[in-house]
Amino acid sequence: MNALTARCSSGRSRAVEELAEAAAKWGCDVPDDPGIAELADQLAHVAGHLPKDLTVRADAAVGLEAAVEHLRAAARLGGLLPVVALHHLRLALQYEHDVRQGLDRPVVVPVN
């Protein structure tokens, strides 16, 4: 494993951990070792079920959907092109973070 791949691997692990924590903050039941596609599905569920009384609902949904698309892109790449996969994970984190920062109050979406 070369140095770049090793750095990407540790960055990927950190990003997945941070995304799992973010999904948990949205009320998702995140397993101990979630996969990227699983996190994408959970955040997609959240985006589709934001409370109707949320004043910035449309913007929040759009931001979460963008995060989901980047997660799905990273999942499709798997172990191929680790730098590109890490880029998508970091973008997903940024979109989720921006959505959370744009909300006036914490939102927990019930997950069935």
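**Leu81 and the four-helix arrangement of the predicted model**

At 55% relative accessibility, Leu81 counts as exposed, because exposure is assigned over 50%. This leucine sits in the loop between α3 and α4. The backbone of Leu81 has a phi near 45°, a positive value in a residue other than glycine. Most residues other than glycine have a negative phi. On the surface, Leu81 joins Leu80 and Val84 in a nonpolar patch, and the three together have about 290 Å² of accessible area. In soluble globular proteins, by contrast, nonpolar side chains tend to be buried together. All of these values come from a predicted model.

The protein has four helices and zero strands, and the order along the sequence is α-α-α-α. Of its 112 residues, 39% count as buried. The accessible surface of the protein comes to about 6500 Å², and carbon and sulfur atoms account for 54% of that area. Among contacts with a sequence separation of 6 or more, 62% are between residues 24 or more positions apart.

Helix α1 covers residues 3-25. Its 23 residues should span 33 Å at 1.5 Å a residue, and the C-alpha atoms at its two ends are 33 Å apart, so the expected and computed lengths agree. The buried residues of α1 are Cys8, Gly11, Ala15, Val16, Leu19, Ala20, Ala22 and Ala23. An α-helix has 3.6 residues a turn, so residues three or four places apart point the same way. The cover over the buried residues of α1 includes α2 (36-48), α3 (57-77) and α4 (82-102). After α1 comes Gly27, with a positive phi near 100°.

One of the residues on α4 that meets α1 is Leu93. Leu93 has a relative accessible area of 16% and is therefore buried, the limit being 20%. Beyond its neighbours within four places in sequence, Leu93 is in contact with Ala15, Glu18 and Leu19. The C-alpha atoms of Leu93 and Ala22 are 8.3 Å apart, although 71 residues separate the two in sequence.

The largest nonpolar core contains 27 residues. Within this core, the residues with the most contacts are Leu19, Trp26, Leu39, Leu50, Leu64, Leu71 and Leu89. The elements that contribute two or more residues to the core are α1, α2, α3 and α4. Of these, α3 gives the most, with seven residues. Leu64, one of the residues with the most contacts in the core, touches Trp26, Val46, Ala47, Leu50, Glu96 and Val99 when residues up to four places away in sequence are not counted.

Glu96, a contact of Leu64, has 5% relative accessibility and therefore counts as buried. This glutamate forms a salt bridge with Arg100, and the closest N and O atoms of the pair are 3.1 Å apart. Arg100 and Glu96 are separated by about one helical turn because they are four residues apart in helix α4.

The structure holds two salt bridges. Besides the pair within α4, a salt bridge is formed by the side chains of Asp41 and Arg72, with an N to O distance of 3.3 Å. This pair links distant parts of the chain, with Asp41 in helix α2 and Arg72 in helix α3, 31 residues apart. Asp41 is partly exposed, with a relative accessible area of 47%. Arg72 is also partly exposed, at 29%.

His88 belongs to helix α4. At 17% relative accessibility, His88 counts as buried. Leaving out residues up to four places away in sequence, His88 touches His70, Ala73, Ala74 and Leu77. The helix α3 spans residues 57-77.

Terms used
Residues numbered from 1 in each chain as written. Predicted model: local features only at pLDDT ≥ 70, side-chain atom pairs only at ≥ 80, totals over all residues. Heavy atoms only, no water. Expected span 1.5 Å × (residues − 1). Buried < 20%, exposed > 50% of the residue type's maximum accessible area, 1.4 Å probe, protein only. Contact = heavy atoms within 4.5 Å. Patch = residues over 30% accessible without salt bridge, like charges linked within 9 Å, V, L, I, M, F, W, Y side chains within 5 Å. Areas by Shrake-Rupley, 256 points an atom, 1.4 Å probe, with all protein chains shown as cover. Salt bridge = Lys/Arg side-chain N within 4 Å of Asp/Glu carboxyl O. Core = buried A, V, L, I, M, F, W, Y, C linked by side-chain atoms within 4.5 Å.
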